[in-house]
Amino acid sequence: MANTLLKVSGLKVAYGGIKAVKGIDLEVKEGELISLIGSNGAGKTTTMKAITGSLSFEAGDIEYLGQSINGQGPWDLVRQGLVMVPEGRGVFTRMSITENLQMGAYIRTDKDGIQKDIERMFGIFPRLRERKDQLAGTMSGGEQQMLAMARALMSQPKVLLLDEPSMGLSPIMVDKIFEVVREVASQGVTILLVEQNAQRALQIAHRGYVMDSGEITMTGPGKELLVDPKVREAYLGH
Ligand SMILES: Nc1ncnc2c1ncn2[C@@H]1O[C@H](COP(=O)(O)OP(=O)(O)OP(=O)(O)O)[C@@H](O)[C@H]1O
C-alpha cells in the first residue's frame, strides 16, 4: 500500500458567518492523482488554501507526511514539498520565463540540479523553451498556466495542488493542460487537482472527491464517478 502523504480530517473553514467548508475528510496517497470537483462556491479553493497554510481554519486536522501541519504558513510548507499553484496563475509578469523558473527554485542551492530541472521543464513544456527569454506577462493565459506549473515543479514538490488550471483557457489549451497534468503525475509527482471541468478531471484521476456546499458528497475511483448517474446529472450535464 502506498503511503498517505496528505490527510485532512474534519476540516471546517468559515469566513465570518459563512461556513465555506463544513467538516470534510480527504486523503492523498503517494503517486496518486486526485481530483476534487464541484460547482461554483462549493468550497474547493477554500480547502486548498487551508491545506497550504494561507487560510486559518476553525476545526480539524491536516497531516502531511504523517505529521500535523496545523498553523504552519505557506513558506514553511513549500520547503517541505507541499506546493500550490493558485487559480489565476500569479507568474512574475516582468520577469522572463527562465527567471520565473529560477525563482521557483529559490529554496534550492544545487545550481547544477536547478539547471538540469530547467531543461527538464523545457522538455515537458516545449512552448516555454521557445519563449525562454520572453517576459512572462506577454504570454497567453495557457502559456502562463504552464509556466506557473513548471515554476512550482522547480521546487521539487512531493504534493502539488493545482487550483483550476483550465480556467479561462481555449479548448485547445484545456486539452494541453490536462495532458501535461497527466504527464507530470506519470513522472511520479502526487497531485491534488481542483477543477470545475469535471469530465476531464475525473478522466485523468485515480480517485475523485465531489464537493457540494462545503461538504464531500461522494468519493471513489475517477472512472466510477464519471459514470455515476448522480455525478453525470449534477456535473456533467447529462
Ligand atoms: N474571502 C472570502 N470572504 C468571504 N467569503 C468567501 C471568501 N472566499 C470565499 N468565500 C465564500 O466561500 C464559499 C466557498 O468558496 P470557494 O472559493 O472555496 O469555492 P470554490 O468551490 O473554489 O468555487 P469556484 O469554483 O467558484 O472558485 C463561497 O460561498 C464563497 O462566496
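## A first look at this predicted structure

S56 sits in the loop that runs between α1 (44-51) and β4 (59-64). Keep in mind from the start that this is a predicted model. Is S56 buried or exposed? Its C-beta atom has 11 neighbours inside 10 Å, so S56 counts as exposed. If you trace the chain from S56 to V181, you pass over a separation of 125 residues in sequence, and the two C-alpha atoms are 28 Å apart in space.

**Around the ligand**

Helix α1 also matters for the ligand shell, to which it gives 3 residues, the largest share. The residues surrounding the ligand include Y15, I18, A20, N40, K44, T45, T46 and Q196, along with G38, G41, A42 and G43. Two elements, β2 (18-29) and α1, each give two or more residues to this shell. Sorted by class, the shell holds 4 nonpolar, 7 polar and 1 charged residues.

**Strand β9 and its partners**

Now turn to strand β9, which covers residues 207-212. Of its 6 residues, 5 are buried, so β9 is largely enclosed by the rest of the structure. Here are the strands that pair with β9:

| Partner of β9 | Bridges | Direction | Example pair |
|---|---|---|---|
| β3 (residues 33-37) | 4 bridges | parallel | L36 with Y209 |
| β10 (residues 215-221) | 6 bridges | antiparallel | P221 with R207 |

β9 and β10 form a hairpin with 2 residues between the strands, and S213 there takes a positive phi near 45 degrees.

**Helix α4, one face at a time**

Helix α4 takes in residues 111-124. How far apart are its end C-alpha atoms? They are 20 Å apart, which agrees with the 20 Å that its 14 residues should span at 1.5 Å a residue.

Which residues of α4 are buried? They are D117, I118 and M121. Looking down the axis of α4, you would find the buried residues within an arc of 105 degrees, so they line one face of the helix. A general rule helps here: an α-helix has 3.6 residues a turn, so residues three or four places apart point the same way.

The cover over the buried residues of α4 includes α3 (97-104), α5 (126-130) and α6 (141-153). Over on the other side of α4, the exposed residues are D112, Q115, K116, E119 and G123. When you view α4 in the model, try finding D117 among the buried residues and then K116 among the exposed ones.

Terms used:
Residues numbered from 1 in each chain as written. Predicted model: local features only at pLDDT ≥ 70, side-chain atom pairs only at ≥ 80, totals over all residues. Expected span 1.5 Å × (residues − 1). Buried ≥ 20, exposed ≤ 12 C-beta atoms within 10 Å, placed from the backbone. Arc of directions from axis to C-beta. Contact = placed C-beta atoms within 7 Å. Pairing = 2+ DSSP bridges. Near = placed C-beta within 6 Å. Nonpolar A, V, L, I, M, F, W, Y, C, P; charged D, E, K, R; others polar.
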